[in-house]
Amino acid sequence: MIRVRIVADDVDQADAAALAIGRVLTVTRESPPRPRRSGDGVTVYLDAELPPVDRDAAGAARRERRSTR
């Protein structure tokens, strides 16, 4: 599991960051936005995992790289 902490000025920025991270990692849980103790912004935590690897595609990419050397 990968834990990601997002610190943003507002909820909209935190949501945008979470969406961007969700394009690369598989997000399994997202905490509700919490105000920061300092009072400047919000914090959101994500639990994420690496997406499953398509072994056929990875093998084809490796073979492609080897053939171009």
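Me: Which accessibility class does D40 count in?
Reply: The relative accessibility of D40 is 46%. This is a predicted model, in which local features need pLDDT of at least 70, side-chain atom pairs count only at pLDDT 80 or more, and totals for chains, interfaces and linings use all residues. Residues are numbered from 1 along each chain as its sequence is written, and side-chain values use heavy atoms, with hydrogens and water left out. Buried means under 20% relative accessible area, exposed over 50% and partly exposed in between (1.4 Å probe, protein chains only), so D40 counts as partly exposed.

Me: How far apart are the closest N and O atoms of R36 and D40?
Reply: R36 is partly exposed, at 31% relative accessibility. It forms a salt bridge with D40 (a side-chain nitrogen of Lys or Arg within 4 Å of a carboxyl oxygen of Asp or Glu). The closest N and O atoms are separated by 3.7 Å.

Me: Which residues are joined into one network by salt bridges that share partners?
Reply: R36 and D40 form a salt bridge. Salt bridges with shared partners make one network of R3, R29 and D47.

Me: How many residues apart in sequence are the parts that R3 and D47 tie together?
Reply: R3 and D47 form a salt bridge, with closest N and O atoms 2.8 Å apart. R3 is in strand β1 and D47 in strand β4; strands (E, at least two residues) and helices (H or I, at least four) are DSSP runs, numbered from the N terminus. The pair therefore ties together parts whose separation in sequence, in residues, is 44.

Me: Which strand holds R29, a salt-bridge partner of D47?
Reply: The side chains of R29 and D47 form a salt bridge at 3.1 Å, N to O. The pair links distant parts of the chain, 18 residues apart, with D47 in strand β4 and R29 in strand β2.

Me: Is D47 buried or exposed?
Reply: D47 touches M1, I2, R3, T26, V27, T28 and R29 (heavy atoms within 4.5 Å), not counting residues up to four places away in sequence. Its relative accessibility is 6%, so D47 counts as buried.

Me: Which elements each supply at least two residues of the largest nonpolar core?
Reply: A nonpolar core is a set of buried Ala, Val, Leu, Ile, Met, Phe, Trp, Tyr and Cys residues joined through side-chain atoms within 4.5 Å. The largest one has eight residues: V4, I6, A8, A14, A18, V42, V44 and L46. At least two of them come from each of β1 (2–8), α1 (11–22) and β4 (42–49).
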